[in-house]
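Trainee: Please pick one part of this model and take me through it slowly. I'd like to see how a single side chain fits into its surroundings, and then how those surroundings are put together.

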Amino acid sequence: MEVEYELTRDDLYAFQWRAVFVSPRGRRARRNAYLTWALAILLVAIVPAIGADGFVISRVSFTFIVVSILIAFLFQWCLERWLIRRAILQLLKDEKPGRGLLGRHRIVLSQDGLVESTPVGESRTSWAGVDRVEQDSHNIYIYTSLAAAHVIPKRAFRDPQETDAFYQFSLAGKEAAG
């Protein structure tokens with residue numbers, strides 16, 4: 001099974017964005033950031049309630065906690081998107097078309113694994129070297145490590161049946177290798 005396609009900056013941007021917002025590691029890091037904000041706000045709200053007479057719950061401002069958490073979460077949401085977008089665009093700025101990552105790609109799947117060819121090189125990966133195979137509405141991802149993948153745009157296929165056959169063959173190859 002073989003597919004030839006052009007990898008664009010938009011494809012790479014989507015892959016990097018997905019890595020941050022969809023991958024388990026990215027979701028865990030983001031969840032930890034929100035939990036850190038919540039814990040920090042709770043500590044700030046609870047410290048004034050501790051006095052010489054012990055902990056007095058009536059001194060805790062629940063309005064402060066709720067409003068502060070909402071503001072912190074909104075700030076975190078905006079900040080992470082701005083920083084991540086900026087970092088991805090910075091990475092993509094240095095990529096040159098036709099140098100291996102952007103430009104023409106050809107992937108050939110066989111029972112033994114996959115071969116990717118670009119104008120500047122060729123790589124072979126056995127199915128045992130494939131970490132996982134995933135897809136979203138625009139791309140198929142064949143991961144060769146936790147953070148590196150062959151990004152195959154679905155627009156490279158003639159029809160949805162061909163796309164699905166490629167994806168299923170990839171899954172079957174990965175599963176057969178264990």
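Mentor: Let's start with Tyr34, which counts as buried because its relative accessibility is 18%. On this scale, buried means under 20% relative accessible area, exposed means over 50%, and partly exposed is in between, with a 1.4 Å probe and protein chains only. Before going on, keep in mind that this is a predicted model: local features need pLDDT of at least 70, side-chain atom pairs count only at pLDDT 80 or more, and totals for chains, interfaces and linings use all residues. Residues are numbered from 1 along each chain as its sequence is written, and side-chain values use heavy atoms, with hydrogens and water left out.

Tyr34 sits in helix α2. Helices here are DSSP runs of H or I with at least four residues, strands are runs of E with at least two, and both are numbered from the N terminus. Leaving aside residues up to four places away in sequence, Tyr34 touches Phe73, Gln76, Trp77 and Glu80, where contact means heavy atoms within 4.5 Å. With Trp77 there is something extra: the Tyr34 side chain reaches the backbone nitrogen of that residue at 3.5 Å. Another residue to look at is Ala72, 38 residues from Tyr34 in sequence, with 8.2 Å from C-alpha to C-alpha.

Now zoom out to the helices. Two packed helices are described by the angle between their axes and the distance between the axes. For α2 (residues 24–46) and α3 (residues 62–93), the axes come within 10 Å and cross at roughly 150 degrees. That makes α2 roughly antiparallel to α3. The axes are lines fitted to C-alpha atoms over the stretch in contact, and the angles run from 0 to 180 degrees between N-to-C directions. The naming goes like this: under 35 degrees is roughly parallel, over 145 roughly antiparallel, 65 to 115 roughly perpendicular, and the rest oblique. The crossing of α2 over α3 is right-handed; that word applies if the near helix is turned clockwise from the far one by less than a right angle, and left-handed if anticlockwise.

Who makes that contact? On the α2 side, Tyr34 is joined by Arg30, Ala33, Trp37, Ala38, Ile41, Leu42, Val44 and Ala45. The α3 side includes Phe64, Ile65, Ala72, Phe73, Gln76, Trp77 and Glu80. By class, the contact of α2 with α3 has 15 nonpolar, two polar and two charged residues. For that sorting, Ala, Val, Leu, Ile, Met, Phe, Trp, Tyr, Cys and Pro are nonpolar, Asp, Glu, Lys and Arg are charged, and the others, Gly among them, are polar.

Ala45 is worth a look too. Ala45 also belongs to helix α2, and it counts as buried because its relative accessibility is 5%. Not counting residues up to four places away in sequence, Ala45 touches Val60, Phe64 and Ile65. To get a feel for distance along the chain, take Ala45 and Ala29: they are 16 residues apart, and their C-alpha atoms are separated by 25 Å.

Next, bring in α1 (residues 9–21). Helix α1 packs on α3 at an angle of about 140 degrees, with the axes 10 Å apart. That makes α1 oblique to α3. The crossing of α1 with α3 is right-handed. Its contact residues include Leu12, Tyr13, Trp17 and Val20 of α1, and Glu80, Ile84, Ile88 and Leu92 of α3. The residues of the contact of α1 with α3 divide into nine nonpolar, one polar and five charged. Notice Glu80, a residue we already met as a neighbour of Tyr34.

Last comes the pairing of α1 and α2, whose axes come within 5 Å and cross at roughly 55 degrees. That makes α1 oblique to α2. Here Ala19, Val20 and Phe21 of α1 meet Gly26, Arg27 and Arg30 of α2. Sorted by class, the contact of α1 with α2 has three nonpolar, one polar and two charged residues.

Methods. Polar contact = N/O pair within 3.5 Å; in protein donor to acceptor, adjacent residues only side chain to side chain.
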